[in-house]
Each structure stands twice: as structure tokens, then as C-alpha cells.
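Me: I am new to this structure and would like a close look at one part of it. Please take a single helix, say what lies around it, and then place it in the whole.

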Amino acid sequence: MHEKTFRKACADSGLNPFLCEIANLREHCSWVHEDIVEGTKKAIDLVRIAVERVKRNVPLSPIQVPVTKKALVIGGGISGIQASLDIANAGFDVVLVEKQPSIGGHMSQLSETFPTLDCSQCILTPRMVEVYQHPRIKLLTYSEVENVEGFIGNFKVTIRKKARSIDESKCTGCGLCVQKCPIKKKAYNEFEEGLAFRPAVYVPFPQAVPNIPVIDRTVCTYYQTGKCQMCVKVCGREAIKFDQEDTLITEDIGAIVVATGYKLYTIDKKPDAQEIKGYGEYGYGKYKDVVDGLQFERIASASGPTSGEILRPSDNSVPKKIVFIQCVGSRDESKGFSYCSKICCMYTAKHAMLYKHKVHDGEAYVFYMDIRAGGKGYDEFVRRAIEEDNVKYIRGRVSRIYEENGKYIVKGEDTIAGMPVVIDADMVVLATAITAQPDAVKLAQTVGMSYDKYGFYNEVHPKLRPVEVSTAGVFLAGACQAPKDIPESVAMASAAASKSLVLFGSDLLEREPTVAKVNESICAGCFYCQKVCAYNAIERKEIKDRQGNVVKVIASVNSGLCQGCGTCNAVCPSKSVELVGFNDEQIYAQINALG
Amino acid sequence: MKVGYYPGCSLTGTGKEYDLSLRKVASLLGMELEELNDWSCCGATSAHATNHLLSVALPARNLIIAKHQLLNEVAAPCAACYNRLVSASTEIKTDSAAEREIMELLGDTPANDINIINIVELFEKIGKENIASKVKVDLKGIKAACYYGCLLVRPPKLTNFDDAENPVSMEELIKAVGAEPVEWNYKVECCGGSHSIAHKEIVVDLSKKIIDDAKLHGADVIIVACPMCHSNLDMRQRAIKKEFPGRDDMPVLYLTEFIGLAMGLKPKELGLNLHMIETKSLLDKAEIKG
């Protein structure tokens with residue numbers, strides 16, 4: 001961090017900044033040693049080493065690379081939408097890639113949002129439309145990023161646009177095909193979290209952007225038997241294209257914003273992941289009225305399967321007693337994940353409140369471990385649920401849920417009273433953990449990001465560089481980095497957008513000149529360096545004679561990608577790779593200075 | 001096929017019929033049980049409630065015997081023994097300080113690759129197809145509530161059951177012999193365990209709930225895999241009856257006894273006559289003569 005300051009001082013005095021060398025006496029000596037005499041000896045050694053090194057330093061100038069001023073945003077949830085709009089409104093092109101047929105993400109599924117209880121759809125939909133209409137945003141829904149090559153300012157991205165089986169240029173979104181599809185209510189409805197069904201040709205939800213259907217080939221009769229074609233008959237625009245194929249699109253991109261969001265942990269049986277043991281005792285998947293947080297959002301939503309009436313999925317009756325269980329999977333090292341999912345305390349309070357607002361004589365119980373309501377207006381919100389809406393909070397865990405005569409017997413513990421509690425509930429809502437997307441690791445490998453053991457992407461510095469990843473030019477937004485609520489996701493998205501805009505502010509990008517360099521005359525072309533390079537910076541270069549015949553193939557360093565780690569330098573058998581500013585001669589001289 | 005056999009104390013006392021039926025069934029299924037020579041108590045609840053080292057050393061002693069008999073797999077039909085053997089073995093394997101202590105104390109340590117299996121795993125090893133092929137008595141229509149209790153499935157880190165809170169492996173075996181497992185709610189609840197002696201009222205309360213739930217879900221019989229569970233559910237039914245008169249008896253059978261019945265063994269050969277609660281209602285329904 002301080003090197004920059006001193007290099008700048010050098011430059012100000014007319015010296016090449018790369019002739020500046022620092023003997024780090026503070027971190028390497030005075031802060032870590034208690035013995036003053038020995039410490040001073042070491043300090044003298046460190047200075048001697050630095051002197052030997054600086055004697056052999058050569059003037060260097062930064063590498064300059066051009067910048068493509070176009071951003072790729074991966075994920076069209078609220079984070080991706082916000083980042084896209086910010087970048088586009090600043091006057092730069094954006095390619096927004098969304099895996100699902102519509103943008104909107106999880107926020108579009110929510111009923112109301114905490115702590116203000118405003119309608120999620122109402123505040124989100126205008127943003128979605130803005131994205132669709134923005135002249136600078138190229139929206140690619142039902143598409144996935146397949147490959148990323150290149151480096152900061154100069155990425156080449158391949159995107160797979162999956163076949164919708166609908167000609168987007170012809171479709172007007174009239175919805176006739178959806179209405180007439182004979183597979184009316186058979187396919188699993190992802191948007192309604194399995195609480196309703198959808199036809200084979202569908203628009204995920206009425207406010208979808210774009211309002212263009214997609215045919216689910218796994219359930220469509222035509223793809224199963226070759227018959228039906230009802231949609232073809234009713235479509236007046238000849239927009240149904242059964243033979244449509246996936247297409248690959250390549251884009252030149254300068255900056256990438258990753259905003260792929262989260263997935264709610266499904267707890268029905270022991271999941272595949274080894275560290276998770278599952279919660280068989282809660283009967284999720286076995287009992288219809290034991291639902292997860294997103295399912296309850298749909299039940300409470302005016303656009304949901306019950307039109308906003310709180311009804312049990314099993315028999316459509318109004319539940320008179322609901323038990324909400326927090327931390328299902330979160331903060332549970334023995335069965336789930338050790339992290340806190342952060343949003344559940346708030347959304348459970350919201351759920352309980354929404355229930356009480358709709359079922360006045362209903363009873364709502366919440367089992368919690370701690371109430372974590374840090375945020376503007378958050379604790380007040382929880383207090384409101386407890387004090388005004390009379391939601392009963394019980395501190396303790398639930399050990400078992402089972403069905404008895406149409407009731408769900410919830411056995412738990414009240415750890416404040418020190419007593420076991422049994423509640424005969426009509427419905428149970430589990431606040432299940434937020435987890436990384438199932439294909440998060442795959443995308444991390446495609447884009448070049450590191451991730452933690454749960455699959456959340458790692459930022460470079462948890463405090464001072466929270467939206468950057470270790471690959472330059474790639475930024476994070478939203479819950480793909482860690483569990484987050486909407487305000488935080490939006491703030492992070494704007495931060496990621498502004499980081500991209502910083503990049504787009506200059507035409508040329510300066511890179512540190514301390515990168516590897518190949519001595520072409522002695523490189524034998526063994527490509528050991530290529531095998532060990534973590535940044536894919538080693539390329540093959542053909543050396544030709546005057547007639548244009550290839551004489552030999554040697555390694556060449558892409559200075560845009562090289563991070564100057566020196567691994568190639570260490571493994572090169574012919575010592576033909578040199579790290580500029582860290583050459584062998586300097587290192588030997590430093591070692592000798594110690595003698 | 002051959003496995004080491006660690007009966008444990010209960011199977012020589014209150015759970016005699018468990019040992020009896022296991023040996024009969026195993027021999028019919030071609031599974032040779034080689035009993036550990038001079039085996040000793042696993043320490044059960046008493047040891048780990050009083051002295052941790054003892055609770056590891058007692059099972060370790062038995063596992064060392066298995067090593068000397070060149071047995072790399074030991075079946076422990078008692079759920080508590082199984083639990084203690086697995087816990088001790090894991091501790092010695094993963095904690096070098098514990099391993100050293102055992103070495104000092106016993107002059108040897110258990111084999112690292114020792115595999116300890118419970119009764120359900122033993123039958124799984126024999127194979128469901130193999131068991132199904134030996135079925136002689138039609139048990140169709142017999143509804144069985146499979147009761148796992150606490151120690152067989154917990155702690156999940158050690159036992160590695162299909163799902164510690166909602167296991168189904170015993171049900172699979174019941175299906176293999178032609179009977180019908182019932183869906184019920186108390187399959188992994190506690191029966192009260194060793195409180196049976198000092199706090200009978202706890203066991204009466206807990207065991208009553210288990211039996212009632214099995215009844216509510218239409219079970220003709222409760223199948224157990226633990227001598228402690230058996231003694232609580234079977235023996236304490238009289239005490240439950242005393243407090244809540246007018247109840248019907250619920251037969252409680254060991255998994256081995258039930259499989260034995262399906263294989264055509266006589267109730268007496270399997271030790272059903274040693275139960276406190278009559279098994280006649282079950283035998284009548286299955287049309288098995290006593």
C-alpha cells in the first residue's frame with residue numbers, strides 16, 4: 001500500500017519510479033521483534049539487501065493496454081439490474097446475461113419487502129422495464145456465460161443463448177400459445193416454488209421481461225411424441241420454432257460484474273453435499289404444509305397461487321396457528337452451514353406480520369436463536385411484530401415436527417423458560433439458509449474467481465476491496481458473495497458499477513511492468529511454464545525465418561494477464577524466463593548481502 | 001461370509017432372545033458369527049458418565065481382541081454397544097493422544113481399518129435379495145413400526161445412517177420379508193433408556209408415547225434393534241397399563257425375531273416366549289402356530 005506513495009515521490013523528483021526499493025523495517029522487523037539489539041541487526045541486514053537490489057534495478061515503464069468500454073453483467077436479479085442501469089446510464093454499453101427466461105430474480109417472487117412492507121413487484125417491475133428499454137443494454141435472457149478469455153479491459157466472452165423455441169423477433173407476447181397449451185397444469189412451476197403448475201409453453205410470471213414465452217422441451221408433447229403443435233396452430237405470427245437451436249454469441253468486454261445471487265437451501269432429505277446432514281425431523285417434502293421461506297412469499301403474494309390469501313397448500317384452509325422456525329441450515333455446524341444467512345430474522349418477522357395482518361385471529365410463533373436485526377429501521381420492525389402484531393417469539397430450537405390428526409405437532413424448547421414446548425400448528429414455515437448457486441463453482445472457474453468452501457465468491461479484501469475479485473476487471477454484486485438483503489445488494493451493485501466506470505474512464509490501462517519476460521533466443525519451447533501458470537498468461541509464439549517457415553515454437557508472456565508471480569521463472573529448465581524487476585542476478589546479490 | 005460377533009452383556013441377560021434369534025437367523029442365511037474370545041463389557045452409559053478414558057479403553061479392549069482374531073469387521077447387535085465401539089474406535093483413530101493413552105494402558109491399539117456394524121448393516125451386508133429368497137411365511141398385511149431409538153442412529157457423524165432423523169433402512173428390510181412398514185412419528189424418539197431403573201416414571205411416559213403413536217398408525221408390532229429399547233417397550237408395558245388401564249398389548253419384536261418368523265423359525269426357537277408381553281396377537285394375524 002505504501003509503495004505507491006514512495007514511487008510517486010521518486011517520480012516527482014524526476015527519478016524512474018521503479019528504481020524505488022523499500023526495506024520494510026516496520027512489518028518485517030520493529031513490529032514483530034521484541035529483542036531490540038537483534039532486531040536492529042536484522043534491520044541493518046534488510047537495508048543491506050535492499051541496497052544490493054536497488055543497485056541492480058533498471059528503469060521500467062508501465063505497460064499500457066487498451067480498454068473495451070463495454071460491461072458484461074452476469075445475472076439479472078436486482079443486483080444485476082442495478083449494476084446494468086448504473087453503467088448504462090453513465091453512457092457505456094452493457095450486455096446483461098440472465099439464465100432464466102425473465103430477469104427479476106428472487107426479488108420478483110417476494111410479496112412485500114422489509115422493513116417498509118412495500119410491494120416487491122411494484123418497486124422492481126419499473127426497473128425491469130427500464131433495463132428492457134434502455135438503448136445501451138443488450139439483454140440476453142435464457143442465456144449463460146460459457147467461456148471467458150482475455151484480461152482486464154480486453155475480455156472475450158462467449159455466451160450460449162439457449163433455444164426458446166420461439167422466434168423472439170416475431171413474438172408479440174400475446175400469450176395465446178400459453179393459454180391453449182394442453183399441458184395446462186402439469187409442469188413444475190419454478191416461479192411459484194412448486195405450489196402451482198404451469199404449461200409446457202410459458203412465461204414465468206405475468207410481469208416477465210421480456211414478455212416472450214419459452215417452451216420447456218422436457219414436458220412439451222411435441223418433443224415427447226412429435227404430435228400436438230397446438231401452439232403453432234394458434235400463433236398468428238408463426239413465431240413457434242420447434243427446430244430452433246442454441247446459438248453462441250461472442251462479445252468483447254472490458255469489465256465483468258458477477259451478480260448471480262443465491263439459492264434457498266432445500267432441506268427435504270440429506271443433500272448431496274457431504275457437510276450437510278439434512279433435517280429429516282422437520283418433514284419438509286413429506287408434509288405439504290411445512291413450507292420454506294420463498295414458498296411462504298408466494299402464498300402471501302397477491303400474484304401468488306392463492307391470490308394473497310394465507311391458505312394451507314394441503315387443503316386450502318386458513319391456518320389458525322403458524323410456527324416459523326429460524327436458522328434452518330444457518331448457524332448449524334452439525335447439520336447445515338456455520339454462517340448466518342443474515343436475512344431470515346427480518347423476513348420471518350415480515351412473514352409473521354403479513355400473516356397477522358391477514359388472519360387477525362391467527363397465532364404466530366417464531367422459534368429463534370438470536371434476533372439479528374442490524375440495519376436502519378430493522379430492530380424497530382421486529383419489535384413491531386412482537387409488540388403491535390403480537391407475534392410470540394420463543395428462544396430455542398425445534399427438535400421434531402410430525403403430523404397428528406391434521407395438525408403439525410412442533411416440539412421445541414423454550415430456553416429462556418427452560419421448558420420443552422409443544423405447539424399443535426396448522427402450518428410450519430422454515431427459514432432455510434441462503435446457499436450459493438449450485439453451479440457457482442463452475443462459473444468461478446470460467447470467469448477466474450476464488451470461492452469459499454460454501455461456493456460464495458471471494459472478494460480481494462473483506463474491508464477495503466469488497467467488490468473486486470482477484471482477477472482484475474471482475475467485480476461482485478449481491479448475494480453471490482455472501483448472504484445479503486435487497487438494500488445491501490443494490491448498494492453493492494452500484495459499487496461494482498462504479499468500479500467498472502473507473503475502468504472505463506481511461507482509454508489506456510496502465511499495468512505494473514513487473515511481469516515475466518521470455519528470452520526468445522534460449523527458450524526451448526518445453527512449455528513447463530504454461531502448465532504451472534495460474535493466470536493462463538503463457539501463449540505459444542511461432543518463430544519464423546525469412547521465408548515464413550516456422551523455425552520453432554516458444555513461450556511468450558501475455559503481459560496483460562501476467563500477475564508477476566514468478567512461478568514460470570522458478571520452473572524454467574533453461575532459465576529463459578525472467579521476472580522483470582526480480583531477476584536472478586538481483587536475488588543472488590540480495591542473498592550475498594546477507595553473508 | 002464371516003463377521004466378528006460382539007454380543008455385549010445385555011444379550012446374555014435381558015436380551016437373551018436377541019442373541020438366540022440372531023444366531024439362528026444368521027446361520028440360516030449363511031452368515032458365520034465368530035464370537036470375540038473373552039469379550040468384556042463395553043462400559044455402556046456408566047463408563048462414559050464416570051470416566052472418559054475408561055469409556056474408550058473398554059471398547060478398545062474388545063476391538064483389540066478382534067484384531068488378534070484377524071477380524072476386520074465386528075457386528076454389535078446392541079445399539080449401545082455399537083455406539084460405544086464406534087465412538088471409541090473413531091476417537092483412537094483420530095486423536096493421537098487418545099491412541100497413546102490406550103497403547104500405554106492396554107499395550108496395543110485396535111486395527112485402524114476395523115469396521116463396526118450394527119444389526120441393520122449386518123442384514124444389509126447379507127443382502128435384501130438373499131433374505132427375501134429365504135422367506136417361508138407370508139407376512140403380507142402385517143404392519144410393522146420400525147423403531148430405531150437414539151443410539152443406533154446418533155450421533156450422525158459417527159453412525160452414518162441414511163438420515164439420522166428419518167432413517168428408512170430398517171423399513172427396507174421389513175419390506176424384503178414381505179411385511180408392511182408403517183409411516184409413524186416416533187421412530188427415533190428416546191424410550192428413556194437406562195432411566196428405567198432409577199426413574200421408572202420417565203420411561204413409562206416416553207415409552208407410552210412411542211407405543212401409542214405406533215398404534216395410532218396401525219402397527220401390529222414394533223420392531224426394535226436394541227435390547228434397552230426392547231426392555232423398556234416390552235417390560236414397561238405392564239407399568240404403563242397399570243397407570244393407564246384398559247390398553248391393548250403391543251407386541252415388541254427384535255428385528256432378528258421378525259426376520260426369523262418370516263423365515264419359518266418357530267416362535268419358541270426365536271425366544272418369543274421370553275417376552276413380557278404376549279406376541280400371540282401378531283402370531284395369530286400372521287397365522288403362525290406357537
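Reply: Just after helix α4 of chain A, Gly91(A) takes a positive phi of about 100°. The model is a predicted one, and α4(A) is the part followed here.

The helix itself runs over residues 78-89 of chain A. How does its length compare with what is expected? At 1.5 Å a residue, the twelve residues of α4(A) should span 16 Å, and the end C-alpha atoms are 16 Å apart, so the two values agree.

Is α4(A) mostly covered or mostly open? It is mostly covered, with eleven of its twelve residues buried. From the start of the helix, the buried residues are Ile78(A), Ser79(A), Gly80(A), Ile81(A), Gln82(A), Ala83(A), Ser84(A), Leu85(A), Asp86(A), Ile87(A) and Ala88(A). The cover over these buried residues includes strands β2 (70-74), β3 (93-97), β6 (137-140) and β14 (255-258) of chain A. Helices α5 (120-133) and α13 of chain A are also included in that cover.

The contact with α13(A) can be followed in detail. Helix α13(A) covers residues 486-504, and its axis comes within 8 Å of the axis of α4(A). The two axes cross at roughly 35°, and the crossing is right-handed. On the α4(A) side, the residues that meet α13(A) are Ile78(A), Ser79(A), Gln82(A), Ala83(A), Asp86(A) and Ile87(A). An α-helix has 3.6 residues a turn, so residues three or four places apart point the same way. On the α13(A) side, the residues in the contact include Ile486(A), Ser489(A), Val490(A), Met492(A) and Ala493(A). Further along α13(A), Ser494(A), Ala496(A), Ala497(A), Ser500(A) and Leu501(A) also take part. Of the residues in this contact, ten are nonpolar, five are polar and one is charged.

Now the whole chain. The domain assignment divides chain A into five parts, with domain 1 at 1-62, domain 2 at 67-162 + 246-261 + 437-511, domain 3 at 163-244, domain 4 at 263-435 and domain 5 at 515-579. Domain 2 is thus written as three separate stretches of sequence. The C-alpha centres of domain 2 and domain 5 of chain A lie 34 Å apart.

Chain A has 16 helices and 30 strands. Its C-alpha atoms fill a box of roughly 85 × 70 × 40 Å, taken along the principal axes. Of the 595 residues in chain A, 41% are buried. Among contacts in chain A with a separation of 6 or more, 68% are between residues 24 or more positions apart.

One residue elsewhere in chain A gives a case of such a distant pairing. Asp289(A) lies in the loop between β15 (262-264) and β16 (290-292) of chain A. Asp289(A) counts as buried because 23 other C-beta atoms lie within 10 Å. Its C-alpha atom is separated by 7.5 Å from that of Asp426(A), although the two residues are 137 residues apart along the chain. Leaving out residues up to four places away in sequence, Asp289(A) touches Arg312(A), Pro313(A), Ser314(A), Tyr408(A), Asp426(A), Met427(A) and Val428(A).

Methods. Residues are numbered from 1 along each chain as its sequence is written. Chains are lettered from A and ligands numbered from 1 in the order in which they are written. This is a predicted model: local features need pLDDT of at least 70, side-chain atom pairs count only at pLDDT 80 or more; totals for chains, interfaces and linings use all residues. Axes are lines fitted to C-alpha atoms, for helices over the stretch in contact, and angles run from 0 to 180 degrees between N-to-C directions. Helices (H or I, at least four residues) and strands (E, at least two) are DSSP runs, numbered from the N terminus. A crossing is left-handed if the near helix is turned anticlockwise from the far one by less than a right angle, and right-handed if clockwise. Two residues are in contact if their C-beta atoms, placed from the backbone, lie within 7 Å. Ala, Val, Leu, Ile, Met, Phe, Trp, Tyr, Cys and Pro count as nonpolar, Asp, Glu, Lys and Arg as charged, and the others, Gly among them, as polar. The expected span of a helix is 1.5 Å times one less than its number of residues. A residue is buried if 20 or more other C-beta atoms lie within 10 Å of its own, exposed if 12 or fewer, and partly exposed in between; C-beta atoms are placed from the backbone. Domain bounds come from an automatic or database domain assignment.
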